[in-house]
Amino acid sequence: MSSDAVHLYVAPIGGHGADGSKERPFGSLEEARGALRQDSRFHGKDRLGAVVILRGGRYELSEPFELTAEDSGTADAPVVYRSQEGETAVLSGGRVVRGFEPVGRQLGARLKPNIREHVVAVDLKAQGIDAYGELTPRGMGRPGYSAGLELFFNGQPMTLAQYPNDGWLRLESPQEDRFSCRDARMETWRLRDVWVHGYWTHDWADSYERVASIQDGVIETEPPHGVYGYKAGQRFRFVNVLEELDAPGEWHLDRETGVLCFYPPSDIEAGTAVVSIADRVLSMKEARHVRFERIAFEASRGAAVRIEGGEGCGLYGCVIRNAGTDGAIVTGGKEHSIVSCDVYETGDSGLRVSGGDRATLTPARHNVENCHIRRFSRWRRTYCPAVGVGGVGNRLAHCRIHDAPHAGVLFGGNDHVLEYNELYDLCLETGDVGGFYTGRDWTGRGTIIRCNLLRDIAGMGSHRANAVYLDDAASGIAIVGNIFARVTKAAFIGGGRDNRVENNVFVDCEVAVHIDARGLGWAKSHISVGGVWNMYEKLRAMNYQEPPYSTRYPTLVHVAEDEPATPKGNVVRRNLTYNCVRDEIAPEAAPHTVMEDNYAEARDPLFVNADENDYALLPESPVWAVGFEPIPTHRIGLVLDGLRRTLPPR
């Protein structure tokens, strides 16, 4: 960027008599945006770039800060919003709440006697906060509702009063709209906006349902009555029950009166309580070459950041936290980047990135790199990954992803590169799930999953977890040069075709490689013409027998005539398997699978330091004899750069 770029300053205490100079900064981002729109140096043939410097502190936004094509820079003269060096600007969609007092007699009577003295309350309406949003039937397959008002204390999300505080209840006697539970304490609650959250039928599908009534141990819910209905023995809990506000960090809001009750985990006077107000913090639509650097985005009810269309925009060295739904969403456009960011405590996904044209296989080249993403999927517990990747030609690299109930990365579409990432401690609450996951599309080919470390991923229930899960006939994916350690099933091919599993390390796994033939068995009707997976409809939608598909993926051209339910063309080559229980290759798949040059001997392969998760091979390793190629283990995971100057401990 030219040293002649326009420089403007913004400060939380700026405003009166401001001109955007360092001495008289603007008091809001909107003022800086307006000044740039009016500045002649920022327009025309020889336009200059711009740098908007935000002094440290909180900027409370009741509406998102919005940028459009009018606010664009160029590749050579971008617009940069950044925190002052050594300071952090916090763009918050929330409001600080003060004035908590001991809970009153009327509300206190609904609390446990030994709890009342710990609970404080505040009247939000008296502080001008009267729009609370709603609790909604969020969940797997449901619309992407924004969260209602949430409470954060000292930067951490608090827990809506629930029962039980830990673990789950088990439902009995399921019917279409009700089920039973043997717990007498339910009968003592005053039902006002009480909800149940559960895994109602499967360990991979959760939802929230409003309670209509509780009588004699029978809980009746309002429509839509649970994802896939209710099944005996499945787990659930109650949410938003004032009488169960009994643990530090729990809270409850009465949406009729506006009174918020809170059991603070530490001194309320010494801490900071924030409630979310704005649906979004930052919105960029059709903007080009706009960057945000070293800025924190927090306390939104919906996605904290949304980038739609445009080109070359990005978030660099930022923090995205405490979002009601997703941390950041990128849709459409091209060459957007999220680099060296920390993303955590999001209600749904950490990041969602999609773009490119599947019909023409034109890549978007969006890039998510060197990000630390953890503790996501707070609200919706399934199918809300750390990163969702869709479209064509996007990249996820050098990220550390961990601590979540369900999948790490969900991907679909074509020609993505997922490389040098570290995934661990995932699928903590779910089963039949994966670290990397995709499925149900013969045309979604060309993605490379390479040089990642996937470890300590177990899952629960009868199906547990798979590290790389190519579910339900997913095809044309390359799993190359990865390290799998202490996972249930490592490379899982669920009836798909033309997948490559090459040059990987499998250590201490229950199953190293799984290939089944589900399309010939239990899933035969699903994969057939007219089946619920819509496989043939997806084929026709992509004109798979014409360029670019016919040239890019030649084995796809005749798939419909070549026994499509049979898992043909899979290759398992030059892998190292050590101390794993077995492989699982279905008899129907074995004749169509290439298995060659794999090392599976009991002899120690001589890792550099397996105790510290360093699975590089020593020069004297016997594995080199089968043609195994070195994996650049030193490049896996987070890296130091100009934005990430230290690495967080594991």
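Select strand 13 together with strand 19 in this predicted model, and you will find two bridges joining the pair, which run antiparallel. Within strand 19, the residue to highlight is Phe238, the bridge partner of Tyr163. Keep strand 19 selected and add strand 14, which pairs with strand 19 in the antiparallel sense, again over two bridges; here Arg170 has Arg235 of strand 19 as its bridge partner. Next bring in strand 16 (residues 195–199), which is joined to strand 19 by five bridges and also runs antiparallel to it. On this side Val196 stands opposite Phe238 of strand 19.

With those partners displayed, turn to the surroundings of strand 19 itself. Five of its five residues are buried, so strand 19 is largely enclosed by the rest of the structure. In a regular strand the side chains alternate between the two faces of the sheet. Colour Arg235, Arg237 and Val239 for one side of strand 19 and Phe236 and Phe238 for the other, and both faces prove to be covered, with all of these residues buried.

Stay in this region and select Tyr163 with Pro164, where the peptide bond is cis and omega is about -5 degrees. Pro164 sits in the loop that runs between strand 13 (162–163) and strand 14 (169–170). A second cis peptide bond can be displayed from Pro547 to Pro548, with omega near 5 degrees, and Pro548 belongs to the loop between helix 4 (535–541) and helix 5 (549–552).

Now show the pockets, beginning with the second largest, which holds about 690 Å³ of space. It is lined by 28 residues, and those closest to its centre are Thr159, Gln162, Arg237, Arg378 and Arg381. The elements that give two or more residues to this lining are strand 12 (159–160), strand 19 (235–239) and strand 20 (250–254). Coloured by residue class, the lining of the second largest pocket divides into 12 nonpolar, six polar and 10 charged residues.

Move on to the largest pocket, where about 850 Å³ of space lies. Which of its 33 lining residues are closest to the centre? Select Tyr383, Tyr437, Arg440, Asp471 and Asp472 to see them. Seven stretches are worth displaying around this pocket, since the elements giving two or more residues to the lining are strand 32 (351–357), strand 36 (387–391), strand 39 (409–411), strand 42 (433–439), strand 45 (465–471), strand 48 (489–494) and strand 51 (511–516). The lining of the largest pocket is made up of 14 nonpolar, 10 polar and nine charged residues.

For the next stop, select the open sheet of 12 strands, whose order is 3-6-25-28-31-35-38-41-44-47-50-53 and whose pairing is parallel. At its edges stand strand 3 (57–60) and strand 53 (576–578), each with a single partner strand, so that one side of each is left without a neighbour in the sheet. Direction ignored, neighbouring strands of this sheet are turned by 10 degrees against each other on average. To examine one pairing within the sheet, isolate strand 47 (residues 483–487) and strand 50 (residues 505–507), which run parallel and are joined by three bridges; Phe484 has Phe506 in strand 50 as its bridge partner.

A further open sheet has four strands in the order 7-22-10-11, with antiparallel pairing. Here the edges are strand 7 (94–97) and strand 11 (156–157), each of which has a single partner strand, so one side of each lacks a neighbour in the sheet. Zoom in on strand 10 (residues 151–153) and strand 11, which run antiparallel and are joined by two bridges, with Phe152 opposite Pro157 of strand 11.

Some individual residues complete the tour. Asn367 is found in strand 34 (residues 367–369), and at 14% relative accessibility it falls under the 20% cut-off and therefore counts as buried. Display the side chains of Asn367 and Arg395 to see a polar contact of 3.2 Å joining them. Then select Glu286, in the loop between strand 23 (282–285) and strand 24 (290–293), where phi is near 60 degrees, a positive value in a residue other than glycine. Is Glu286 buried, partly exposed or exposed? At 44% relative accessibility, Glu286 counts as partly exposed. Finally, go to Arg294 in the loop between strand 24 and strand 25 (295–298), which has a positive phi near 55 degrees and is likewise a residue other than glycine.

Methods: Residues numbered from 1 in each chain as written. Predicted model: local features only at pLDDT ≥ 70, side-chain atom pairs only at ≥ 80, totals over all residues. Heavy atoms only, no water. 1 Å grid on protein atoms, 1.4 Å probe; cavity = no way out; pocket = protein on both sides within 12 Å on 5 of 7 lines; lining within 4 Å. Points joined across faces, edges and corners; volume = space filled by probe spheres on them. Nonpolar A, V, L, I, M, F, W, Y, C, P; charged D, E, K, R; others polar. Pairing = 2+ DSSP bridges. Axes fitted to C-alpha atoms, helices over the stretch in contact; angles between N-to-C directions. Buried < 20%, exposed > 50% of the residue type's maximum accessible area, 1.4 Å probe, protein only. Polar contact = N/O pair within 3.5 Å; in protein donor to acceptor, adjacent residues only side chain to side chain.
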